[in-house]
Amino acid sequence: MSKLEQVLILDPPSDLKFKGPFTDVVTTNLKLRNPSDRKVCFKVKTTAPRRYCVRPNSGVIEPGASVTISVMLQPFDYDPNEKSKHKFMVQTIFAPPNITDLEAMWKDAKPEDLMDSKLRCVFELPSENDKMNDVDPIKAAPVLNTSKADSTSGAKPSSLSLDDTEMRKLMEECKRLHVDRGKHLLYLKAQRSDNMVSNTAAMMRKETSSKSLPSLLVVIAAIFIGFFLGKFVL
């Protein structure tokens with residue numbers, strides 16, 4: 001008989017029960033309690049490590065303290081005719097004084113100092129009554145929320161009317177800003193077109209002046225030529 005066999009208390013003591021449906025993660029708790037006056041180290045093992053997530057899976061329990069372990073069963077296709085062969089084992093040992101390396105302690109532990117507590121996994125499907133009890137509160141919740149909303153709305157009609165007034169003011173302000181923005185855009189377009197017309201007129205005047213300049217030079221040249229020719233003839 002192990003030294004820890006009458007010290008460590010497991011709850012539940014023999015079976016870990018998981019209630020379906022098993023389409024989502026199902027969690028059950030395992031409680032370890034240490035009523036002794038010494039620290040106790042524990043480690044949780046399972047025959048199906050890929051099917052379960054255990055947190056924490058190891059640690060130290062202080063004297064008079066307890067630890068709750070969450071065992072999470074992963075989703076799977078449940079077959080009622082198939083008997084579960086999954087098992088868990090909780091291995092425990094008194095913690096040596098001034099312990100620093102738990103892994104080394106477990107490797108060096110003597111078999112007579114260890115206690116192995118085994119638990120069997122049991123799968124249960126909910127009955128029809130349980131299904132109805134689970135559904136009814138969910139269906140009733142929206143009704144309660146609706147009645148609460150109705151009572152709230154009935155208790156504060158003034159705040160609702162105030163909100164409507166503020167909403168109308170905001171809409172009118174948005175419309176006014178939209179109209180002002182449209183007018184501003186039209187003004188910018190008109191100013192742009194006026195600038196384009198003035199620029200075009202200036203360019204046309206430049207072209208006209210540049211075209212008339214050669215003609216003026218020809219006239220002046222003809223006057224000078226006529227003047228000199230008249231001088232030579234006379």
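In this predicted model, Phe-76 is buried, with a relative accessible area of 17%. Tyr-78 has a relative accessible area of 26% and is partly exposed. Phe-123 is buried, at 15%. These three residues take part in a network of rings. Ring pairs join Phe-76, Tyr-78 and Phe-123 with Phe-18, Phe-22, Tyr-52 and Phe-88 into a cluster.

The structure holds nine aromatic pairs. One of them is formed by Phe-76 and Tyr-78. Their ring centres lie 6.3 Å apart and their planes meet at 85°, so the pair is edge-to-face. Planes over 60 degrees apart count as edge-to-face. Tyr-78 also pairs with Phe-123. Here the centres are 6.3 Å apart and the planes stand at 80°, so this pair is edge-to-face too. The Tyr-78 and Phe-123 pair links distant parts of the chain. Tyr-78 sits in the loop between β7 and β8 (87-94). Phe-123 belongs to strand β9 (residues 115-124). The two residues are 45 residues apart.

Strand β7 also takes part in a sheet. This open sheet has four strands in the order β1-β3-β7-β5, with antiparallel pairing. Strands β1 (9-11) and β5 (52-55) stand at the edges. Each has a single partner strand, so one side of each is left without a neighbour in the sheet. From one strand to the next, the twist averages 20°. Strand β3 (residues 26-33) pairs with strand β7 (residues 66-73) in the antiparallel sense. Eight bridges connect β3 and β7. Val-26 stands opposite Leu-73 in β7.

Charged pairs were examined next. Side chains of opposite charge can pair when their charged atoms come close. A search of the whole structure finds two salt bridges. In one of them, Asp-15 pairs with Arg-120. The closest N and O atoms of Asp-15 and Arg-120 are 3.4 Å apart. Asp-15 lies in strand β2 (residues 15-19) and Arg-120 in strand β9. The pair therefore ties together parts that are 105 residues apart in sequence. Arg-120 counts as partly exposed, at 43% relative accessibility. Strand β9 thus holds both Arg-120 and the ring of Phe-123.

Glu-62 forms a salt bridge with Lys-39. The closest N and O atoms of this pair are 3.8 Å apart. Glu-62 lies in the loop between β6 (58-61) and β7, whereas Lys-39 lies in the loop between β3 and β4. The bridge therefore ties together parts that are 23 residues apart in sequence. Both partners are partly exposed: Glu-62 has a relative accessible area of 40%, and Lys-39 has one of 39%.

Lys-43 presents another case. This residue is in strand β4 (residues 40-46). Lys-43 is buried yet has no salt bridge. The nearest side chain of opposite charge is that of Glu-103, 4.7 Å away. A salt bridge requires a nitrogen within 4 Å of a carboxyl oxygen, so a distance of 4.7 Å does not qualify. Neighbours within four places in sequence aside, Lys-43 is in contact with Asn-57, Ser-58, Met-89, Val-90, Gln-91 and Trp-106.

Note on methods
Residues are numbered from 1 along each chain as its sequence is written. This is a predicted model: local features need pLDDT of at least 70, side-chain atom pairs count only at pLDDT 80 or more; totals for chains, interfaces and linings use all residues. Side-chain values use heavy atoms; hydrogens and water are left out. Buried means under 20% relative accessible area, exposed over 50%, partly exposed in between (1.4 Å probe, protein chains only). Lys and Arg count as positive and Asp and Glu as negative; His and the chain ends are not counted. Contact means heavy atoms within 4.5 Å. Two strands pair if DSSP finds at least two bridges between them. Axes are lines fitted to C-alpha atoms, for helices over the stretch in contact, and angles run from 0 to 180 degrees between N-to-C directions. Rings of Phe, Tyr and Trp (its six-membered ring) pair if their centres lie within 6.5 Å; planes under 30 degrees apart count as stacked, over 60 as edge-to-face and the rest as tilted.
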